[in-house]
Amino acid sequence: MLTPLATLPYRHVLTLPTEPSAVRIARETAELTLNGWGIGLQHPAIAPALLILSELVTNSIRHAAAHSPQVTVIYGAGRDRLVLAVHDTHPYRPPLDGTVATTGGGGGLATVMELVLDLGGTAVVRADALVGGKSIWITLPL
């Protein structure tokens, strides 16, 4: 699950129960962690990154809680990029190619993808063979 972080000097992993308070805790942890890494919250990518993180954690709570009692949030950063990932053990892997907005539902993921693309970042859904489920990985340039 942590392979994309191997080359980044800053890494943090947080596991929370899939309940509504997880969104606030994940976001507050991101703010504290980024500040600790010297990435100011005033950086132009940070406000959208926090919104992306909130949407992804919210999606795990709404759609995966029955299959996934926990959600894992992964934070990573280097000099030129920020990486965020949200993992749950629900087996469904949502498309990130724009079809989520046109197939009913998926409004949160459509917002995520719009923000990611506007920032020049990437988004990938990865299956997790070890513990099951999937992770949605977001990489944003800093």
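Okay, so Thr-58 sits in helix α2, and keep in mind that this is a predicted model. Is Thr-58 buried or exposed? Thr-58 has a relative accessible area of 18%, and the cut-off for buried is under 20%, so Thr-58 counts as buried. Its side chain has a partner, too: the side chain of Thr-58 reaches the backbone oxygen of Ser-54 at 2.7 Å.

Ser-54 brings me to Arg-27, over in helix α1. Arg-27 and Ser-54 are 27 residues apart in sequence, yet 6.5 Å apart in space, C-alpha to C-alpha. If you skip residues up to four places away in sequence, Arg-27 touches Leu-50, Leu-51, Leu-53 and Ser-54. Arg-27 itself is partly exposed, at 30% relative accessibility.

Now stay on α1 for a bit. With 16 residues at 1.5 Å a residue, α1 should span 22 Å, and its end C-alpha atoms are indeed 22 Å apart, so the two agree. Which residues of α1 are buried? They're Ala-22, Val-23, Ala-26, Thr-29, Ala-30, Thr-33 and Leu-34. Those residues cover an arc of only 135° around the axis, so they're on the same side of α1. That spacing makes sense if you remember that an α-helix has 3.6 residues a turn, so residues three or four places apart point the same way. On the face turned away from the buried side, you'll find the exposed residues Leu-32 and Gly-36.

And what does that buried side of α1 pack against? The answer is β1, α2, β2 and β3. Just after α1, by the way, Gly-38 takes a positive phi of about 85°.

Right before that glycine, have a look at Trp-37. The structure holds one aromatic pair, and the pair is Tyr-10 with Trp-37, stacked, at 5.4 Å centre to centre with 25° between the planes. Tyr-10 is in strand β1 and Trp-37 is in the loop between α1 and α2, so the pair ties together parts that are 27 residues apart in sequence. The two partners differ in burial: Trp-37 is buried, at 16% relative accessible area, while Tyr-10 is partly exposed, at 36%.

Both of those aromatics also show up around Tyr-75. Leaving aside neighbours within four places in sequence, Tyr-75 is in contact with a list of residues including Tyr-10, Trp-37, Ala-26, Ala-30 and Leu-53.

So, on to the core. In soluble globular proteins, nonpolar side chains tend to be buried together. Here the largest nonpolar core has 35 residues, and Tyr-75 is among those with the most contacts inside it, along with Ile-52, Leu-53, Leu-56, Val-57, Leu-82 and Ile-138. Elements giving two or more residues to this core include β1, α1, α4 and β5. Which element gives the largest share? That's α2, with eight residues. There's also a second, separate core of six residues, which includes Leu-5, Ile-74, Val-83 and Trp-137.

Last stop, Leu-115, in helix α4. Leu-115 is buried, with a relative accessible area of 18%. What does Leu-115 touch, not counting residues up to four places away in sequence? Pro-48, Leu-51 and Ile-52. Leu-115 and Leu-51 are 64 residues apart in sequence, but 8.7 Å apart in space, C-alpha to C-alpha. And Leu-51, remember, is one of the residues that Arg-27 touches. That's my tour, thanks.

How values were computed:
Residues numbered from 1 in each chain as written. Predicted model: local features only at pLDDT ≥ 70, side-chain atom pairs only at ≥ 80, totals over all residues. Heavy atoms only, no water. Phe/Tyr/Trp six-rings, centres within 6.5 Å; stacked < 30°, edge-to-face > 60°. Helix = DSSP H or I, 4+ residues; strand = E, 2+ residues; numbered from the N terminus. Buried < 20%, exposed > 50% of the residue type's maximum accessible area, 1.4 Å probe, protein only. Expected span 1.5 Å × (residues − 1). Arc of directions from axis to C-beta. Contact = heavy atoms within 4.5 Å. Core = buried A, V, L, I, M, F, W, Y, C linked by side-chain atoms within 4.5 Å. Polar contact = N/O pair within 3.5 Å; in protein donor to acceptor, adjacent residues only side chain to side chain.
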